[in-house]
Amino acid sequence: MRRKLLAFLCASMAVLGCGSEQPSSQVPRVPLAPPEGMKTLSTSAALVSPLAANNHDASQAIAINLETVYGDHLTAVGQEDWYYVYTPSAGKLTALMVPPNDATIDYDLSVFSLNASTGYLENQLDSMYGPGSTEQLSLSASQGGYYFIRVTSYAGSSATAPFYLLATFSPNPDPAEPDDNVTQARAVSGSPTIQQTIDNVYDQDWVSYQVTSQTNLRVKLDGQTAGSTFFLDIFNSNLGSVGRGSQGSTYVLSLAPGTYYFRIASSSGTGSYTLSLSPVVTQIGTLSYIQPCWADDAHPVNYGYGTRFRAKEGCELIVTGQAFDSNHQVASSAHVTVVFQTEGITNISRKDVVTDVFGYFTASVFVPNGYGLHYYDNWVSGHYWDWGYVSVYSTDTAALVGSDSIYAFSYQLYQPH
């Protein structure tokens, strides 16, 4: 089988351009730190010594097994080591390579699909981070497919320090796969809620997010599988670290215009997670109110301080508004806190809510009973009222983003003139 398979590759070598230059990377060739706490490849028995095997072109590729860590060497700059793996069923194939721990060594990883009808290698994928970086790629594998893996020395080499190589298979990847490399990042915008899975302990999910103007962005990662722990790394367009987040925590990032990358990985277990990205509220529009418990009398009146909404103390008030971000765009899926306080009363009522896709929010807050510190002569009766203070805060930053004052009706005394 090996002889028949590799015979297909004779015609493919002209297409591959044996000895040609490496394709240019789509991202900066800079060192990329691996996910903190993620499982790493460990030392294993050497696959085959490059000095004894001539696996330096595709026609001499060495067969490797899934779920097995191999060690091998590159002994010269520009040298290539080739391998191939078979996938018995459809799913996701992930290849990862850990280079020697040497800042002068920079190895690249490439994966190809074999077209068994033509003998050509197709659909080339490349992972080309900087020195010392773990290179990782994934692809959608077909049943009965053959996939070729190439490890190349871009800079440096070692006849004694091995690199380590693993091909692992996931039978049930989520629809966003393959996305194990920054070049495979899924592009999102606006206020997305991303629901995906970590399908193996080495899996990395990459998401790209475009910022067109200065933006404050709320970021939260939630794991949804008991016993699994996920975490998040955030990078700028040059793959410089912007921050690192843990599962269950909320972060607010101040981002300048540009492209940002989010990498989700696991330090323990596999399973599903949700990544939420939403703008931080910086201002709100005009607030409006209804009070079903006092529907006939809860409406705007003028108690001598302009026309304002009048609410009854001692029952719920429904507050509605629209939130905007720092770019004056509607803040969809944003988090706001609505607070109500009656004049002279220390107790407050608060409600945390999330805006809809158009930035609107609705919160029901209780109007505490006050003392009726102010008096208004309503001719047939005297109305005693207090100021009712409505405040809206960004839940993420605790910044006050809007406020209003209404009349909080306390009681009345009959006194016809």
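**Reading aromatic pairs and a pocket**

Both Trp385 and Tyr407 are buried in this predicted model.

User: How are the rings of Trp385 and Tyr407 arranged, and what are the distance and angle between them?

Analyst: Ring planes over 60 degrees apart count as edge-to-face. The planes of Trp385 and Tyr407 stand at 80 degrees with ring centres 5.0 Å apart, so this pair is edge-to-face. Trp385 belongs to strand 28 (residues 381-394) and Tyr407 to strand 29 (residues 400-414), so the contact ties together parts 22 residues apart in sequence.

User: Which aromatic cluster includes these two residues?

Analyst: Trp385 and Tyr407 form one aromatic cluster with Tyr303, Tyr305, Tyr376 and Trp387.

User: How many aromatic pairs are there by this rule?

Analyst: The count is 20 aromatic pairs. One of them joins Phe230 and Tyr273, with centres 6.0 Å apart and planes at 65 degrees, so that pair is edge-to-face. Phe230 lies in strand 14 (residues 229-235) and Tyr273 in strand 18 (residues 271-279), so parts 43 residues apart in sequence are tied together. Phe230 and Tyr273 are both buried.

User: Which residue lies over the face of Tyr154?

Analyst: Arg29 does, at 3.5 Å from the ring centre.

User: How is empty space found, and what lines the largest pocket?

Analyst: Rolling a probe the size of a water molecule over the atoms shows where empty space is left. Here the largest pocket holds about 280 Å³ of space. It has 16 lining residues, and the closest to its centre are Gly190, Tyr209, Thr215, Asp325 and Asn327. The lining divides into five nonpolar residues, 10 polar and one charged. Strand 12 gives the most to this lining, with three residues.

How values were computed: Residues numbered from 1 in each chain as written. Predicted model: local features only at pLDDT ≥ 70, side-chain atom pairs only at ≥ 80, totals over all residues. Heavy atoms only, no water. 1 Å grid on protein atoms, 1.4 Å probe; cavity = no way out; pocket = protein on both sides within 12 Å on 5 of 7 lines; lining within 4 Å. Points joined across faces, edges and corners; volume = space filled by probe spheres on them. Helix = DSSP H or I, 4+ residues; strand = E, 2+ residues; numbered from the N terminus. Nonpolar A, V, L, I, M, F, W, Y, C, P; charged D, E, K, R; others polar. Phe/Tyr/Trp six-rings, centres within 6.5 Å; stacked < 30°, edge-to-face > 60°. Buried < 20%, exposed > 50% of the residue type's maximum accessible area, 1.4 Å probe, protein only. Lys NZ or Arg CZ within 6 Å of the ring centre and 35° of its normal.
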